[in-house]
Amino acid sequence: MFANLTGWHMIILLVVILLLFGAAKLPALAKSMGQSARILKGEIRESRAEDQASAHAAGAHQQNADAPTAAPYTAGPRTTE
């Protein structure tokens, strides 16, 4: 769709956007887009950390379930020699 865009097309597109939104609104628009991107990155990072923590906890739980259980220690009869 955008494969045929050249430098002139981009300049015309930027001029049209400037005319539609006005020069005063563009910095505020760019700032809000940047904040939205930062929030999205933070949420993705938190989601990945939660997924890793839950996978780690599930792996540790599975590892403990597979481990053989040790018999309790019982003292045998004492012998003295």
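**Nonpolar patch**

I started with the surface of this predicted model and looked for nonpolar side chains that group together. I found a nonpolar patch made of Leu5, Met10, Ile12, Leu13, Leu14, Val16, Ile17, Leu20, Phe21, Leu29 and Met33. Together these residues have about 1000 Å² of accessible area. I then asked which elements give two or more residues to the patch. They are α1, covering 7-21, and α2, covering 25-66. The largest share comes from α1, with eight residues.

I picked Leu14 for a closer look, and I found this leucine in helix α1. Is Leu14 buried or exposed? I noted a relative accessibility of 59% for Leu14, so this residue counts as exposed, the cut-off being over 50%.

**Helix α1 and what follows**

Next I checked the length of α1. The helix has 15 residues, and at 1.5 Å a residue these should span 21 Å. I read 21 Å between the end C-alpha atoms of α1, so the expected and the modelled span agree.

I also looked at what comes after this helix. Gly22 follows α1, and I noted that its phi is positive, near 85 degrees.

**Positive patch**

I moved on to the charges. Which residues gather in a patch of positive charge on the surface? I listed Lys31, Arg38, Lys41 and Arg45. From this group I chose Lys41, which lies in helix α2. Its relative accessible area is 54%, so I put Lys41 down as exposed.

**Negative patch**

There is a patch of negative charge on the surface too, and I wrote down Glu43, Glu46, Glu50 and Asp51 as its residues. I looked up Glu43 and found this glutamate in helix α2. Why does Glu43 count as partly exposed? Its relative accessibility is 48%, and partly exposed runs from 20% to 50%, so Glu43 falls in that class.

I added a reminder for reading along a helix: an α-helix has 3.6 residues a turn, so residues three or four places apart point the same way.

**Whole chain**

I finished with the totals. How many helices and strands are there in the protein chain? I counted two helices and zero strands. The chain has 81 residues, and 1% of them count as buried. For the surface, I noted that the protein chain exposes about 8000 Å². Carbon and sulfur atoms supply 64% of that area.

Conventions: Residues are numbered from 1 along each chain as its sequence is written. This is a predicted model: local features need pLDDT of at least 70, side-chain atom pairs count only at pLDDT 80 or more; totals for chains, interfaces and linings use all residues. Side-chain values use heavy atoms; hydrogens and water are left out. Patches are made of residues with over 30% relative accessible area and no salt bridge: like charges are joined within 9 Å, nonpolar side chains (Val, Leu, Ile, Met, Phe, Trp, Tyr) within 5 Å. Accessible areas come from the Shrake-Rupley method with a 1.4 Å probe; for residues, only the protein chains shown count as cover. A salt bridge is a side-chain nitrogen of Lys or Arg within 4 Å of a carboxyl oxygen of Asp or Glu. Helices (H or I, at least four residues) and strands (E, at least two) are DSSP runs, numbered from the N terminus. Buried means under 20% relative accessible area, exposed over 50%, partly exposed in between (1.4 Å probe, protein chains only). Lys and Arg count as positive and Asp and Glu as negative; His and the chain ends are not counted. The place of a charge is taken as NZ of Lys, CZ of Arg, CG of Asp or CD of Glu. The expected span of a helix is 1.5 Å times one less than its number of residues.
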